[in-house]
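Please work through the exercises below with the sequence and the model at hand. Each task is followed by a solution in steps.

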Amino acid sequence: MSNRNSQASKTAARERIRAERERQKKREKMRRQLIVAGSVVGILAVAGGIGFGIMKLSEPTGWEAAAEAKSVRPAHTQGKNGTEILIGDPKAKETLEVFEDVRCPACAGFEQSTGPELLKDIKDGRFKVRFTMYSFIDTLGNGGEGSKNALSALGAALNVSPEAFLKYKTALYSAKNHPEETDDAYAKDSVLLKVAAEVPELKGNKAFEKAVKKGTYDRWTMDMTALFGRKGVKRTPTFMHGDKTLAMGKIPQQQMTQAAYNALSLSNFKKMIDKEFGPAKGTDKPTGPGKGKDEGKDGGQGIQKGEKDPTAGH
């Protein structure tokens, strides 16, 4: 009896040992599988991280990214993508087109000497003005981002009102604020906001300031600057009426005071405008062909038969 119990005990013991070894083998196998799986996950994570890093490095940044961003057009714009800035009395029969670049020194000279006269003509309803703003000095001139950044800020001002746009543009071109062409000062938002503080509609305007800092109208700026070469215009300032390029008299290359330069520039502008659109309101002296007693009350003749409407598209 005791021999049978002893044998049974030995058999049971061997069975327990065998079972324990099986459990250990299973645990070891599971451990190895977990290690391998963890290694694979780690490798995939590293590879994924590298891939993500490469993808991030290849993503466009700055103004390249702005060109691919969702377009936000400022209020008070017309046309495709809001690239038509048309300001003035909607009843005005004529449209003068003005092409400018914010960094352009010649544009600054025009605005400082003649800008008030242009604004007066707009206010008097002599004509509407379509502004086409370029940024070629950034890309074809001295490099930088000042033209684009200032144009984006002008978009934010235009979103406030056409009046804010005109006043801000005047301030940016002023002798006090306008930098040398080689100075990319307008690439800094802080400089643009400092100039904006001179405009009542923009001073302390949180929505305007946020739009400038955030670059809300950066994509709109890229759409605007993509118009470079529209109607063959590749220099600023340029003035057009329909498909006709208007020419101002040349200022002689000689020494003169700033006041004399401004007076001559203003005189040349008035002659150019009078010749094209007839005498200003309140005058009776015809200064160009086809002008005189048959003209409209405001001195304008409207869009002539066969003349292309400059506001109808690019």
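The exercises concern the chain as a whole, then its core, a helix, an aromatic pair and two single residues.

The model is predicted, so local features need pLDDT of at least 70 and side-chain atom pairs count only at pLDDT 80 or more, while totals for chains, interfaces and linings use all residues. Residues are numbered from 1 along each chain as its sequence is written, and side-chain values use heavy atoms, with hydrogens and water left out.

**Exercise 1. The chain**

Task: State how many helices and strands the chain has, and what share of its residues is buried.

Solution. Step 1: helices (H or I, at least four residues) and strands (E, at least two) are DSSP runs, numbered from the N terminus. The chain has 10 helices and five strands. Step 2: buried means under 20% relative accessible area, exposed over 50%, and partly exposed in between (1.4 Å probe, protein chains only). Of the 314 residues, 39% are buried. Step 3: contact means heavy atoms within 4.5 Å. Of the contacts between residues at least 6 apart in sequence, 73% join residues at least 24 apart.

**Exercise 2. The core**

Task: Describe the largest nonpolar core and the surroundings of Leu96.

Solution. Step 1: a nonpolar core is a set of buried Ala, Val, Leu, Ile, Met, Phe, Trp, Tyr and Cys residues joined through side-chain atoms within 4.5 Å. Step 2: the largest one has 55 residues, and Leu96, Phe131 and Tyr168 are among those with the most contacts inside it. Step 3: leaving out residues up to four places away in sequence, Leu96 touches several residues, including Leu118, Val129, Phe239 and Phe277.

**Exercise 3. Helix H6**

Task: Compare the expected span of H6 with the distance between its end C-alpha atoms, and decide whether the helix is enclosed or not.

Solution. Step 1: the expected span of a helix is 1.5 Å times one less than its number of residues. Step 2: for the 12 residues of H6 (residues 162-173) this gives 16 Å, and the end C-alpha atoms are 17 Å apart, which agrees. Step 3: nine of the 12 residues are buried, so H6 is largely enclosed by the rest of the structure. Among these buried residues are Pro162, Phe165, Tyr168 and Lys169.

**Exercise 4. An aromatic pair**

Task: Classify the pair formed by the rings of Tyr134 and Phe228.

Solution. Step 1: rings of Phe, Tyr and Trp (its six-membered ring) pair if their centres lie within 6.5 Å; planes under 30 degrees apart count as stacked, over 60 as edge-to-face and the rest as tilted. Nine aromatic pairs are found in the whole structure. Step 2: the centres of the Tyr134 and Phe228 rings are 5.0 Å apart and the planes lie at 70°, so the pair is edge-to-face. Step 3: the pair links distant parts of the chain, with Tyr134 in strand E3 (residues 128-134) and Phe228 in the loop between helix H9 (218-225) and strand E4 (238-241), 94 residues apart. Step 4: Tyr134 is buried at a relative accessible area of 1%, whereas Phe228 is partly exposed at 30%.

**Exercise 5. Two charged residues**

Task: Which side chain does the side chain of Arg103 contact, and which does that of Asp189 contact?

Solution. Step 1: a polar contact is a pair of N or O atoms within 3.5 Å; within protein, one must be able to donate a hydrogen and the other to accept it, and residues adjacent in sequence count only if both atoms are side-chain atoms. Step 2: Arg103, in the loop between strand E2 (95-101) and helix H3 (105-123), is buried, with a relative accessible area of 3%. Its side chain makes a polar contact with the side chain of Asp184 (3.4 Å) and reaches the backbone oxygen of Glu181 at 2.7 Å. Step 3: Asp189, in helix H7 (residues 189-196), is partly exposed at 25% relative accessibility. The side chain of Asp189 makes a polar contact with that of Asn149 (2.9 Å).
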